[in-house]
Amino acid sequence: MDMLKLEKYLERIHYSGAVEADINTLKKIHQLHPAFIPFENIDSYTGKVPSLDADDVFHKLVSEERGGYCYEQNLLLNEMLISMGFRAEIQLARVLWKKDENSRTAKTHMLQIVELDEQKYLVDCGFGTVTLTSPLLLDNEEPQSTPNGQFRISRKDNGYTLYFWKEIWLPVYRFVLDNVEHTDLEVANWYVATHPQSGFRKNLILSKVDEKARYTFVDHVLNIRYNNGEKTSSDIDSNHRLFEMLENVFGLKENAVEMLKHAGY
């Protein structure tokens with residue numbers, strides 16, 4: 001175990017208290033990680049393919065206090081969980097969000113399955129708009145409450161579909177448990193970061209979720225959906241407001257602002 005890296009990660013997500021490979025630690029980390037390490041695609045949006053090297057991911061998300069998208073978020077989380085003694089395996093999913101649940105999409109989203117006390121849990125801090133804030137029991141089809149909404153997992157044949165409750169059950173992604181190699185992640189990452197029709201190439205997207213609300217920026221609009229059901233929307237109509245939002249809402253530093261400035265902002 002690299003104790004120095006783990007200590008820096010726990011400091012980054014404002015974790016305090018004992019660290020044990022148990023469900024209480026897993027729940028606490030799962031809630032804190034997406035509150036303090038925002039989802040953001042500044043790299044792909046400005047023409048850079050994010051590195052999936054473990055040291056590069058740690059340097060970017062922890063040392064530089066940047067954010068990242070699913071591969072970076074969950075690779076970092078996977079490394080830290082394993083260093084704590086958890087059994088965590090990477091998986092790939094087909095994204096269904098804002099699509100029909102029978103859509104045939106590519107495997108472009110990374111998640112992980114954590115096995116603990118003879119139970120398997122879905123763990124995912126990298127979906128952006130509806131990122132989980134608590135592990136979900138994998139083989140439980142009943143609705144499961146998290147600090148930020150209800151989810152459920154439906155099993156059909158050998159596959160699973162994650163749903164999020166938003167007045168109706170909306171499909172998030174579909175996956176099967178399979179062996180995933182790092183090269184599979186590299187291919188998916190390259191596609192998502194470079195394909196001309198990829199939303200992560202065409203749009204600047206940021207999100208985070210804390211104990212109060214979900215915060216999402218896309219299409220020049222900042223939406224805040226509070227846990228009590230209230231929602232606010234703000235037009236981010238100038239570079240000044242954009243850079244102010246990056247720091248004050250998403251906690252990003254000058255290095256993130258400079259990347260956007262170099263890209264023409």
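Me: A residue is called buried under 20% relative accessible area, exposed over 50%, and partly exposed in between (1.4 Å probe, protein chains only). Which of these words fits Phe36?

Reply: This is a predicted model, in which local features need pLDDT of at least 70 and side-chain atom pairs count only at pLDDT 80 or more, while totals for chains, interfaces and linings use all residues. Residues are numbered from 1 along each chain as its sequence is written, and side-chain values use heavy atoms, with hydrogens and water left out. Phe36 has a relative accessible area of 30%, which lies between the two cut-offs, so the word for Phe36 is partly exposed.

Me: In which helix is Phe36 found, and which residues does Phe36 touch, not counting those up to four places away in sequence?

Reply: Helices (H or I, at least four residues) and strands (E, at least two) are DSSP runs, numbered from the N terminus, and Phe36 belongs to the run covering residues 23–36, which is helix H2. A contact means heavy atoms within 4.5 Å. With residues up to four places away in sequence set aside, Phe36 touches Arg12, Ile13 and His14.

Me: How many helices and strands does the chain have, and what is its radius of gyration?

Reply: The chain has 9 helices and 13 strands. The globule rule, 2.2 Å times the number of residues to the power 0.38, is compared with a radius taken over C-alpha atoms. For 265 residues the rule gives 18 Å, and the chain comes close to this, so it is as compact as a globular protein of that length, with a radius of gyration of 18 Å.

Me: Which strands stand at the edges of the sheet of 8 strands?

Reply: Two strands pair if DSSP finds at least two bridges between them, and the 8 strands form an open, antiparallel sheet in the order S5-S4-S3-S2-S9-S8-S7-S6. Strand S4 (residues 119–123), for example, pairs with S5 over 2 bridges, and the partner of Leu122 in S5 is Leu136. An edge strand has a single partner strand, so one side is left without a neighbour in the sheet, and this is the case for strand S5 (136–137) and strand S6 (144–146).

Me: In the sheet of 5 strands, over how many bridges do S11 and S12 pair?

Reply: This open sheet has the order S1-S10-S11-S12-S13 with antiparallel pairing, and its edge strands, S1 (39–40) and S13 (231–235), each pair on one side only. Val218 has Val221 in S12 as its bridge partner. Strand S11 (residues 213–218) and strand S12 (residues 221–226) pair in the antiparallel sense, and the number of bridges is 6.
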